[in-house]
Amino acid sequence: LSSHGATRHPLSRRRSSLAPFAGRPGGSGAAAPAQTARVLQLRVRAAQIEEVGWGQLVSATGDDGVSCLTFRVMDEQRRHHLLEITLPMNYPACPPSIAADVPYLPKLQWSESSRLKDVLCQFQEHLKVLQDYWSTMDGIDKALWVVDPTKPTYAMSHHRIALGDDCYILLHVDTHKPNSLPECRFLGTDGKLERLIKNWRKNRKRWSADRKFHENLATVLDFALPQPPSVSIKDDQQADCGICYATHLPVDDELGTQSGCAADYKCENPSCSRAFHSVCLRDWLRTITTTRQSFDVLFGNCPYCSEPVAVKSTDS
Ligand SMILES: [Zn+2]
Ligand SMILES: [Zn+2]
């Protein structure tokens, strides 16, 4: 996934004004300005990262003047996202390009005075727009038996839901109007599909934006949808964290001993058993007003099954 902002830029003229450097005859005189330009470029980039905050930078790679920076961004509902920003050689005259695990990317607004923090701001705004969509998708994952994808990402708007007897409904949730009647396809050979398709046609007008997605689906199909089977995590299998969806935490000094670690906490409710990074669970619990702290332990509820959970409030 990659999107480019404006292809032509008002500053493109500035590049041609730098041309005399490049056109200079060879020898020692030519290397110095090129080096100076390179140092200047690095300084500009470092200052712009500083403005965003080095703590948000997950990784930085690059060569030949092209840099790829990955920033960690948290949205309103504390979902963690990674935003990859590629700075072209002639940045900031040319706009950066971005990539992220989202169903669609924002169109970057870029001007002469734009900086990295503006990219982050625009991405944050974009995440705000997608909150309803992700809440709907979370609801679907919790209430319905999703067989595909087995590991949904934030970008995926297709879900294949099991209806039992080898029958499935393939849903495409509208990212702009997530709680509206989705596009769907029925898959399977069992006779009961015919009845469900008939119900869908007959009842589709009864879909209401005020009801939860899975309730709407059950109403329109006039059918009790099977519950998701309880998820159990095999000990030998590394589980993704239920909050950040990553297997391993990023490698980051700020995370101390937890840097790069796998999920180290499991919900004790056997029908949930969701895995978490204790760091993520702690951050999550701190945002919930009903969480209580006693000495250095936070007491709250599992974000998946609402059963009580307890996690240390510090690493020690
Ligand atoms: Zn996590
Ligand atoms: Zn749980």
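Two helices count as roughly perpendicular when the angle between them falls in the range 65 to 115 degrees. In this predicted model, helix H6 (residues 192-203) and helix H7 (residues 213-221) pack at an angle of about 105°, and H6 and H7 are therefore roughly perpendicular to each other. Their axes lie 7 Å apart. On the H6 side, the contact is made by Leu196, Asn199, Trp200 and Asn203, while H7 contributes Thr219, Val220 and Leu221. Sorted by character, the residues of this contact comprise four nonpolar and three polar ones, with no charged residue.

A wider view helps to place this pair of helices. The protein holds eight helices and 14 strands, H6 and H7 being two of those helices. Of the 316 residues in the protein, 21% are buried. Among contacts with a separation of 6 or more, 46% join residues that stand 24 or more positions apart.

How confident is the predictor, and where does the pLDDT drop? The average pLDDT of the protein is 83, and 87% of the residues score at least 70. Over residues 1-29, however, the pLDDT is below 50; the model nevertheless gives this stretch 30 contacts beyond near neighbours in sequence. Residues 232-236 also have a pLDDT under 50, and here the model shows five contacts beyond four places in sequence. Where pLDDT is low, the predicted coordinates should not be read in detail.

Conventions: Residues numbered from 1 in each chain as written. Chains lettered and ligands numbered in written order. Predicted model: local features only at pLDDT ≥ 70, side-chain atom pairs only at ≥ 80, totals over all residues. Axes fitted to C-alpha atoms, helices over the stretch in contact; angles between N-to-C directions. Helix = DSSP H or I, 4+ residues; strand = E, 2+ residues; numbered from the N terminus. Parallel < 35°, antiparallel > 145°, perpendicular 65-115°, else oblique. Contact = placed C-beta atoms within 7 Å. Nonpolar A, V, L, I, M, F, W, Y, C, P; charged D, E, K, R; others polar. Buried ≥ 20, exposed ≤ 12 C-beta atoms within 10 Å, placed from the backbone. pLDDT = per-residue confidence, 0-100.
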